[in-house]
Amino acid sequence: MDTFSGLLHGFSVAFQPANLFWCFVGCFLGTIVGILPGLGPAATIAMLLPLTFQMDPSGGIIMLCGIYYGAKYGGSTTSILLNMPGEASSVVSCLDGYQMARKGRAGAALGIAAIASFIAGTVGVVALTVVAPPIAAFALSFSSPEYFALMCLGLSLVVLLTGPSLVKGLLSLLIGLWLASIGTDLFTAQSRFTFGRSELLGGIEFMIVAIGVFALSEVLASIENREQTRLLPVPRGLRNLLPSWEELKACRFAFLNGSVVGFIVGVLPGAGSAIASFISYGVEKAVSRHPEKFGTGVPEGLAAPEGANNADTGGALVPLLTLGIPGGGTTAILLSALVFWGIKPGPLMITESPDIFWGLVASMYIGNVVLLILNLPLVPLFAQILRIPVYVLFPLIFGIAIVGAYSTSGQIFDVALLAIFGLLGYLMVKFGFPTAPLILGFVLGDPMERALRQSLMMSQGDFLPMLSRPLAAGMLCLAVLILLVPFLGQINRWRVRAITETV
Amino acid sequence: MLKFTLLGSALALLLQVPLAPAMAEFKPTRPIEIVVHGGPGSGNDLFARSIIAIVEQEKLAPVRMQVANKPGGGSTTASAYLASKKGDPHTIGVFTNIWLTDPLLQEEANNPLTSMTPIARMLVEPALLVVKADSPYKSLQDLINAAKEKPGQIKQSGGSITARENIIRQLIAGATGARWSFISFPSGGERLAALLGGHVDLMILEPGEANEQIRSGKLRVLAQVAETRLETFKDAPTLREAGVSIPNVPQTRGIVAPPAVSEDSAKYYEDLMARVVKTEAWKKYLETNFFDGSFANSKDTREFLVSYQDDIRGYLKESGAKVVR
């Protein structure tokens with residue numbers, strides 16, 4: 001069966017009323033799960049798994065996948081409105097999304113997030129349909145040196161995420177890298193920086209750091225500024241609730257960038273959508289004509305990462321469905337679900353279970369449309385949340401944050417950690433330290449260290465393979481170039497000053 | 001009947017009469033919690049959920065059972081939680097080898113498996129030693145010879161150094177003198193991707209993880225880590241048949257209760273599990289996952305765990321890990 005007839009067959013499966021219904025249910029549940037911090041798609045799918053065993057396999061997998069990509073749509077809602085990422089993948093959406101909301105463009109930001117998610121999500125599925133086998137081979141060619149170079153490239157983005165002071169940005173990054181090293185070391189089974197606490201043996205949960213450093217610190221800073229009765233302005237009128245034509249036009253490249261970066265990073269097992277969204281944000285800023293405005297609420301700064309984390313879904317399904325390799329926690333659960341139904345994801349799946357494979361792929365086209373229809377009308381509704389007076393909203397945010405932190409692990413210790421990170425974030429904001437580099441370091445620290453040690457173990461201590469492998473070398477060069485960007489600016493300023501002084 | 005029981009319990013509660021001594025035999029009266037150390041969807045989580053599905057389908061227990069996921073620090077969070085439920089007859093836990101190794105290696109992990117009340121060993125997981133289909137190593141002997149020629153050059157992908165795949169590597173090295181390097185990856189997916197991409201040379205993994213790759217001709221089995229050959233891979237020799245005699249290092253899964261639970265309740269769960277393993281659904285579960293159902297009762301499980309802990313301590317010491325207990 002070639003791709004086209006396969007897809008046609010898939011639509012005939014996906015358009016069956018029962019499957020359409022399950023697709024809708026999955027997308028709806030996913031949106032809710034995405035909005036609630038702490039409750040992630042992985043846990044939801046695992047909880048619903050036993051219920052789906054009575055279902056027809058195609059309906060079941062269509063619904064479970066709907067939860068997976070639906071959660072990516074919903075995750076940005078609280079990022080934009082409350083500076084609180086609903087999922088790990090939407091942490092970068094806080095940077096410009098929340099600033100847009102602060103400028104009274106909350107509705108527009110939610111609209112852009114939905115549109116970016118739709119475009120990139122669909123591009124991701126198209127790519128999954130068309131190039132799955134060759135791109136899977138590309139993913140396998142990625143070895144530890146390439147991963148290390150990719151993570152270095154990601155870390156070099158720190159220069160694009162810092163404010164006026166590069167030193168403060170680097171310090172923030174180092175704190176993030178240190179936090180990532182807490183826990184049991186995979187290679188030696190020794191514990192690092194656990195201070196004798198067994199709760200720290202598994203490392204610190206990403207969501208706790210993100211919610212503490214972003215959302216709680218924001219609330220603390222707002223409380224200090226007592227005059228405000230409302231968190232953010234919410235202008236009335238429909239026009240202010242939807243993105244303007246100019247804003248959408250500004251996002252043209254971001255939609256494309258997010259789609260491509262998200263899909264490619266998504267294909268790599270073990271990279272993850274948070275990394276995809278960081279990289280696409282960096283790319284967007286690097287090519288922008290006004291990079292200095294990033295972080296103050298530019299629509300493309302939201303569209304790129306939000307697109308990337310949705311295109312990531314299509315990418316992550318490539319190794320899962322064509323190789324039987326799950327790249328992350330959620331795809332691992334989808335794999336167990338498929339195995340439970342007696343379907344065998346792997347090289348033979350397309351030929352042995354065409355109904356499931358093509359039915360699922362086709363349902364994702366439908367699901368993305370469903371999510372757009374589901375999410376756009378919710379935009380005005382969600383934007384109203386900001387009308388809630390602060391004396392109700394702030395305790396509510398604290399409540400959601402605490403429940404979110406507790407539900408990730410079920411340990412009260414994690415709530416204490418949340419408080420510590422809230423305070424840390426507050427102090428950082430107060431003393432002018434950017435918080436985004438800390439999150440960047442925390443996301444990339446662990447995979448970078450691992451990839452470096454794996455590379456060196458593979459080459460028996462030789463650094464050369466990192467430079468002799470073309471892809472790895474290319475990415476490392478790019479990282480160095482990006483690191484030089486601030487110095488180029490410095491040199492340029494000297495040059496300008498020198499010229500003006502002589503004139 | 002139900003009405004009378006309910007009435008009886010209500011009366012008993014009202015009068016504060018202790019129920020337990022009056023009852024000859026333990027019966028759970030509220031939902032049973034099964035503690036697992038993995039997150040939702042992990043192997044142990046699915047193991048626990050499969051048991052629950054069977055218990056509910058066959059109506060083996062009068063109450064509901066639910067999974068309590070306590071991930072973090074390998075098994076330490078889960079074992080600490082289970083230990084905190086000391087004497088509670090409504091909590092049980094799923095153990096695997098990591099419950100033995102964590103307390104041996106980590107100062108912070110101070111609830112060893114041997115301090116719990118063993119209920120049953122439910123299954124033993126065999127493993128396969130595989131290479132890529134286009135690998136020059138056609139047999140285990142090829143691999144061993146090549147490893148002897150160029151020590152440390154051949155690479156194996158796996159998880160933590162405390163995992164079974166590394167212990168087996170150490171034991172093979174000890175028995176044959178063939179040394180290769182072990183490279184840790186956090187997830188099974190990444191380990192397999194490294195092998196399929198040709199970045200490492202071999203892997204020791206569960207048959208369930210490898211079966212699709214073997215079936216589609218992308219991986220080749222050089223040896224089985226099992227006492228006898230598995231039906232599905234009957235062409236591949238066991239390690240012993242391939243000429244490598246090393247002690248058996250079983251990867252086990254079973255059920256434990258918290259420390260100091262009453263004998264009655266331990267007996268109840270032992271019987272419950274004995275009934276679970278007799279069902280058709282359980283046999284099917286073992287079959288789809290290529291597990292070996294070597295059930296052991298409470299007494300045998302205790303003996304097994306105590307002696308196996310000593311074995312593992314020895315292996316870990318040999319492999320150069322810092323053993324703290």
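pLDDT is the predictor's own confidence in each residue, on a scale from 0 to 100. This is a predicted model, and chain B averages a pLDDT of 86, with 92% of its residues scoring at least 70. The weak spot is residues 1-23 of chain B, where the pLDDT is below 50. Beyond near neighbours in sequence, that stretch has two contacts in the model. For the model as a whole, the scores are ipTM 0.85 and pTM 0.84.

**Chain B overall**

- Chain B is built from 11 helices and 10 strands.
- Its radius of gyration is 22 Å, which agrees with the value near 20 Å that a compact globule of 325 residues would have.
- If you draw a box around the C-alpha atoms of chain B along the principal axes, you get roughly 80 × 40 × 30 Å.
- Buried residues come to 49% of the 325 in chain B.
- Take the contacts in chain B with a separation of 6 or more: 78% of them join residues 24 or more positions apart.

**A five-stranded sheet in chain B**

- Here's one sheet to look for: it is open, has five strands with mixed pairing, and runs in the order β7-β6-β8-β5-β9 (chain B).
- β7 (181-184) and β9 (219-225) of chain B sit at the edges, and each has a single partner strand, so one side of each has no neighbour in the sheet.
- On average, neighbouring strands of this sheet are turned by 30 degrees against each other, direction ignored.
- In general, strands of a sheet pair through backbone hydrogen bonds, either parallel or antiparallel.
- Strand β6 (residues 155-158) of chain B takes the parallel option with β7(B), over four bridges.
- To find that pairing on screen, start at B:K155, whose bridge partner in β7(B) is B:S181.
- Helix α6 (residues 164-176) of chain B lies across β5 (127-132), β6, β7, β8 (202-205) and β9 of chain B.
- That helix, α6 of chain B, runs at about 150 degrees to β6(B).

**Where chain A meets chain B**

- The contact between the two draws on 46 residues from chain A and 43 residues from chain B.
- On the chain A side, α3 (41-52), α6 (106-141), α15 (329-340) and α21 (436-458) each supply at least two residues.
- α3(A) gives the most to that side, with six residues.
- By type, the chain A residues touching chain B split into 21 nonpolar, 21 polar and four charged.

Key. Residues numbered from 1 in each chain as written. Chains lettered and ligands numbered in written order. Predicted model: local features only at pLDDT ≥ 70, side-chain atom pairs only at ≥ 80, totals over all residues. Rg over C-alpha atoms; globule rule 2.2 N^0.38 Å. Buried ≥ 20, exposed ≤ 12 C-beta atoms within 10 Å, placed from the backbone. Contact = placed C-beta atoms within 7 Å. Pairing = 2+ DSSP bridges. Axes fitted to C-alpha atoms, helices over the stretch in contact; angles between N-to-C directions. Nonpolar A, V, L, I, M, F, W, Y, C, P; charged D, E, K, R; others polar.
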